[in-house]
Number of protein chains: 2
Amino acid sequence: MLSQVEENYLKSIFKITEKEGKPASTNAIAGDLQTTAASVTDMLKRLSEKTLIHYEKYKGVQMSDKGLTIATQLVRRHRLWEVFLVEKLEFAWDEVHDLAEQLEHIHGNSLIDRLDAFLGNPRFDPHGDPIPDAQGRWTRRKQILLSALEPGEKGIVSGVENHSPEFLQYLDQLGLVLHTQITLRERFPYDQSVRIRTDDGRELSLSEKVAANLYVEEQSGTKERR
Amino acid sequence: MLSQVEENYLKSIFKITEKEGKPASTNAIAGDLQTTAASVTDMLKRLSEKTLIHYEKYKGVQMSDKGLTIATQLVRRHRLWEVFLVEKLEFAWDEVHDLAEQLEHIHGNSLIDRLDAFLGNPRFDPHGDPIPDAQGRWTRRKQILLSALEPGEKGIVSGVENHSPEFLQYLDQLGLVLHTQITLRERFPYDQSVRIRTDDGRELSLSEKVAANLYVEEQSGTKERR
DNA sequence: AAATATTTTTAGATCAGCCCAAAATTTTAA
DNA sequence: TTAAAATTTTGGGCTGATCTAAAAATATTT
């Protein structure tokens with residue numbers, strides 16, 4: 001069984017390779033896990049010996065099939081616990097990350113599948129991120145950044161790029177919650193800020209920074225491998 | 001913040017001193033935690049420096065107020081998670097110990113109080129053990145071992161002394177669940193086995209060993225400190 | 001009370017996971 | 001293409017938690 005630290009490395013490597021589309025560098029991992037490059041090299045050797053990653057000195061690191069399975073499970077656990085914390089324990093969506101970070105390391109045969117069933121097999125977490133199913137399949141959605149929407153187009157708020165409590169709390173203040181339908185009214189060339197109309201008839205002005213951290217969905221998603 | 005290992009030591013010391021009514025010996029702790037006396041001595045020094053225990057070389061160890069508060073919280077967390085696993089995730093009562101053992105180490109401000117509220121502030125866990133409230137108060141019950149009941153007396157099955165999966169599964173097979181009302185019909189002097197009648201009219205024969213591991217309650221409990 | 005047995009502590013090692021500083025390698029720029 | 005810059009690895013060392021073996025203290029027996 002893997003240690004929590006090893007699991008965190010796998011998650012980090014998964015996240016980085018997924019986002020960058022290329023092997024994760026030692027520095028990138030160190031930055032993500034708030035540790036030093038030297039510690040990372042140490043751990044990469046260990047993970048490599050357990051065949052959880054493909055690692056070549058100086059060449060960066062990629063997930064192995066085995067590592068990918070584990071990382072996917074970790075994401076699944078993390079996001080299901082987040083749903084539990086928000087839906088059942090009534091935490092706010094900006095409060096759950098650290099708790100889920102701990103809960104995702106709980107090991108047990110049927111625990112997560114039972115939790116999944118108890119929650120009604122949710123496909124997205126409170127931030128709109130997809131939850132892999134028990135077989136590791138992801139629901140992919142066609143979502144784009146609000147900053148890429150054209151004036152006149154409609155969309156449904158479906159997720160956030162930035163997960164920081166500050167941003168999430170700001171959205172709360174704006175009353176801009178997930179699943180709100182919006183229409184982009186206007187984009188101001190001066191600062192790229194946008195004016196939107198929500199389904200309850202309010203008009204809001206959003207800075208370019210906010211628009212670049214909000215996803216909107218145009219059509220419903222389909223199931224596919226990985 | 002304490003490490004999981006430190007927390008486990010506190011729980012163990014609490015359990016032993018509570019049961020024995022005197023300072024816990026190094027060996028007793030080592031036995032409980034499946035480790036060596038040398039490791040225990042090491043840890044006792046560390047816990048003592050953090051003023052979590054009162055420790056004097058060769059004299060055994062007792063809980064400090066600080067340690068007692070933490071140990072009580074751990075018991076609270078463990079038992080609330082057990083309730084969650086059984087009531088919400090539909091685990092059997094003999095399957096939840098190891099998971100709760102992990103979950104009790106999750107740290108977070110309002111997590112446990114929210115869980116408590118979500119579960120409806122249960123006062124007992126699935127094995128009938130009392131759950132300390134947020135202030136560390138225990139509900140004490142007047143319960144005695146079934147082996148101490150006299151023929152003709154009634155009682156309600158309220159807890160188990162032995163928590164092993166084997167015993168719990170055997171009770172399941174007998175259909176002897178918590179809150180069953182029973183009447184002791186007869187005790188056979190030959191082997192101290194007993195014959196009982198359950199509230200649904202069944203007659204069961206229980207060995208002395210079973211009777212010595214089952215608690216029955218005669219009247220309802222009262223709240224008191226510690 | 002001395003001898004023996006048991007319990008507990010100390011001393012010395014190990015291991016995982018982490019760090020820093022220095023050396024090695026790769027990448028970038030001149 | 002060679003020097004400078006950036007990245008990565010190595011070597012040595014630290015901490016928390018563990019162990020074994022041996023020494024010290026306490027408890028028990030005769």
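Here is a short chat about reading this predicted model.

Me: What should I know before I start, and how is pLDDT read in chain A?

Reply: Local features here need pLDDT of at least 70, side-chain atom pairs count only at pLDDT 80 or more, and totals for chains, interfaces and linings use all residues. Residues are numbered from 1 along each chain as written, chains are lettered from A and ligands numbered from 1 in written order, and side-chain values use heavy atoms, leaving out hydrogens and water. pLDDT is the predictor's confidence in each residue, from 0 to 100. Chain A averages 94, with 96% of its residues scoring at least 70. Over residues 219–226 of chain A, though, pLDDT stays under 50.

Me: Which residues are closest to DNA strand C?

Reply: A residue counts as near a strand if one of its heavy atoms lies within 4 Å of it. Here 20 residues surround DNA strand C, and the closest are A:Ser3, A:Thr35, A:Ser39, A:Arg46 and B:Tyr55. Sugar and phosphate make up 78% of the strand's atoms that come within 4 Å of the protein.

Me: Where do the polar side-chain atoms of A:Ser3 and B:Tyr55 sit?

Reply: For A:Ser3, one lies 2.6 Å from a phosphate oxygen of DNA strand C. For B:Tyr55, one lies 2.4 Å from a phosphate oxygen of that strand.

Me: How many bridges join strand 5 and strand 6 of chain A?

Reply: Strands (E, at least two residues) are DSSP runs numbered from the N terminus, and two of them pair if DSSP finds at least two bridges between them. Strand 5 (residues 181–187) of chain A pairs with strand 6 (residues 194–198) of chain A in the antiparallel sense over five bridges. A:Leu184 stands opposite A:Ile196 there.

Terms used. Contact means heavy atoms within 4.5 Å. A polar contact is a pair of N or O atoms within 3.5 Å; within protein, one must be able to donate a hydrogen and the other to accept it, and residues adjacent in sequence count only if both atoms are side-chain atoms. Helices (H or I, at least four residues) and strands (E, at least two) are DSSP runs, numbered from the N terminus.
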